[in-house]
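Reader: Could you zoom in on one helix pair for me and walk me through how the two pack? Some words on the buried surroundings would be welcome too.

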Number of protein chains: 2
Amino acid sequence: MKKMLDILLVQNEREGKAFLTKLLGKKPLFVCTLGTTETGKIEGISAAGANPEITDYTPPADIELLLLGKCECINGVPVTPDGIPTPALVTMSALGLANIPALPVNAGMRILPHVPFLEVGAKPGGDIRTGNAVENAQKVLQRAKLAGELLSKTVDYLVIGESIPGGTTTALGVLTAMGIDAKGKVSSSMPGNPHDLKIKVVEEGLKARKINFGDLANDPLAAVSCVGDPMMPVFAGLVLGAAERIPVLMAGGTQMSAILAVVNALNAKLLGNVAIGTTRWIIADKTADLKGIVSKIADVPILAADLDFTGSRFSGLRAYEAGVVKEGVGIGGSTIAAMAKSEGAITKHSMLKEVEKNYAQLVGSN
Amino acid sequence: MKKMLDILLVQNEREGKAFLTKLLGKKPLFVCTLGTTETGKIEGISAAGANPEITDYTPPADIELLLLGKCECINGVPVTPDGIPTPALVTMSALGLANIPALPVNAGMRILPHVPFLEVGAKPGGDIRTGNAVENAQKVLQRAKLAGELLSKTVDYLVIGESIPGGTTTALGVLTAMGIDAKGKVSSSMPGNPHDLKIKVVEEGLKARKINFGDLANDPLAAVSCVGDPMMPVFAGLVLGAAERIPVLMAGGTQMSAILAVVNALNAKLLGNVAIGTTRWIIADKTADLKGIVSKIADVPILAADLDFTGSRFSGLRAYEAGVVKEGVGIGGSTIAAMAKSEGAITKHSMLKEVEKNYAQLVGSN
């Protein structure tokens, strides 16, 4: 696979390279959408917390880490049930090295962080098995669009990430309702990807509203409202508002394909100014297929930060190589932005060194 | 008085010119702090609403006007008891002409606007006569400071304005508690400036907490907590966070002197990167003395947009020349920013033309 800096040009190589070239030396803003849902608390769905109930604290703790360098709403940092620390450690390293500001956006948090954040009216999401997942999706999308327009007048480009437990299951829900077959293709923060459980949860939600595969292909906000999550209208609104004027890097794994489907249905022509930024671990993931889902939606470039934690002295970082965590809190996109802003001065090696420094300080010696 | 573009160099001419020169052609962000207090509802204190109870709707309506071009939380636009429309009409004209983005910050609104806004944890303010005016001033200041730091990494400079009814009375409160004699010197949105009422309200608040003139000279947050308003820690925090890196234009009338006193007490050296931006009407106001108050605090430049509505075809705009409204929603600072961004292409004449256009469309023909 071709590379530019330490960034893999995964799909649409030529457009990917052109997109990346536009970012070199430019000034980005990292926007982090943060929410929780009852879907994320279904046993076995998410590893974004030591146990399901604590997932409400993961998004605010993640963003505190980015803005304050430590969590305030919890002790320590968020961890998976196996004790692997939050990917926000990687994002804070990328943003710190490249001096990139991070703006939190409330995309339905139940616990609010001890830092400033942008409010667009999103509420915590429900359990998609009820078929009533998101309130006020239209209103929230409109306000987020206004925020995206505003932000597009301040910086050269946006990198938008997310922290919402259970997000790949709700992504599967929206993709299915919109007629994009993603069964067995969404990734997972869990070491084993619980595809069967995700499919079962989605099917229960669709059944509750008598929605068949593809019924909502032309009504993405209905799909989000029934079987999505509140991060989606916030994220999609930001893209719709900003991409008219500046490039937008959608930072995440397979969740990004659901956002892509929503944006594509609402204003496809904006996608010429959009790319997906993720990690090598998502691309290498045999249990998922981001490229496959995206190619069914739109021809946007996929870029992947060529992060490599193989040689790390910390087992909690080597775990990324075994397929745990892989993405979240925009680690791929923020790393790409750091590399692009520094025009290659920040490399996969300097990233690992910085991540290890932060890991040692915040997590300890394991 | 010397001018540069259509901007009066009111105080510290040389520094004012140097400050303004730094802004020419540069990219600003207009940040609007928005709050309400029970102080603002004391009969006769504020003209920011047709009657005291409706002042809760004025700040959200003002910011809706800036972001949406119309108010959503009320019909029409906010007016004074005499029917003079909100100064936000002038701000929207300046921002629109120069394509300057506006970011709302919740500085204690009771009614929330139908637009995105930044949340820093501020709550609506109390009645200063109780001596308990603002909750959590320290926490709010810290979060606003973090927001100021973040914003300073996105644009070339900040213009910070406010919309908070009753703000000159709370300014008098904080100035008095901090030992800066401003009795009879703060301005008013009212046609007759009710100095005696303001002094009586402030004295009642100070007495409730047994605070004498100057007792809190070194504890500005205590002064704010007792007899200030929630806009103050938000505004001061933004200045403290941003002025380390970029110029900050504090946009307002005599209220700005209270913010200046707070910032001066917390980090005086930052004031080298700060100026006050106001209107000719504030400088011409015989019932108040911004220059006099500021000169007792710090040697910052005062700039005044040389707006002139004498020849307007609308009586509601000619009223500005009679001393009604004069400032608010950062009309002076936003006009200065528009003139500076356009390097003089936007003049007092093009401003009046644009204000009249918006007036005709939103208010009518009077």
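Author: Here is a close look at one helix pair, followed by some buried residues. First, the ground rules: this is a predicted model, where local features need pLDDT of at least 70, side-chain atom pairs count only at pLDDT 80 or more, and totals for chains, interfaces and linings use all residues. Residues are numbered from 1 along each chain as its sequence is written, chains are lettered from A and ligands numbered from 1 in the order in which they are written, and side-chain values use heavy atoms, leaving out hydrogens and water.

In chain B, the axes of H4 (residues 137–152) and H8 (residues 231–242) come within 6 Å and cross at roughly 40°. Helices here are DSSP runs of H or I with at least four residues, numbered from the N terminus; axes are lines fitted to C-alpha atoms over the stretch in contact, with angles from 0 to 180 degrees between N-to-C directions. That makes H4(B) and H8(B) oblique to each other, a label for whatever is not under 35 degrees, over 145 or 65 to 115. On the H4(B) side, residues including B:Leu141 and B:Ala144 meet H8(B) residues, among them B:Val234 and B:Leu238; contact means heavy atoms within 4.5 Å. By class, this contact has twelve nonpolar, four polar and two charged residues.

As for burial, B:Ala61 sits in helix H2 (residues 58–68) of chain B. B:Ala61 is buried, with a relative accessible area of 0%; buried means under 20%, using a 1.4 Å probe and protein chains only. Its contacts include B:Cys71 and B:Pro78, leaving aside residues up to four places away in sequence.

Technical notes. Helix = DSSP H or I, 4+ residues; strand = E, 2+ residues; numbered from the N terminus. Nonpolar A, V, L, I, M, F, W, Y, C, P; charged D, E, K, R; others polar. Buried < 20%, exposed > 50% of the residue type's maximum accessible area, 1.4 Å probe, protein only.
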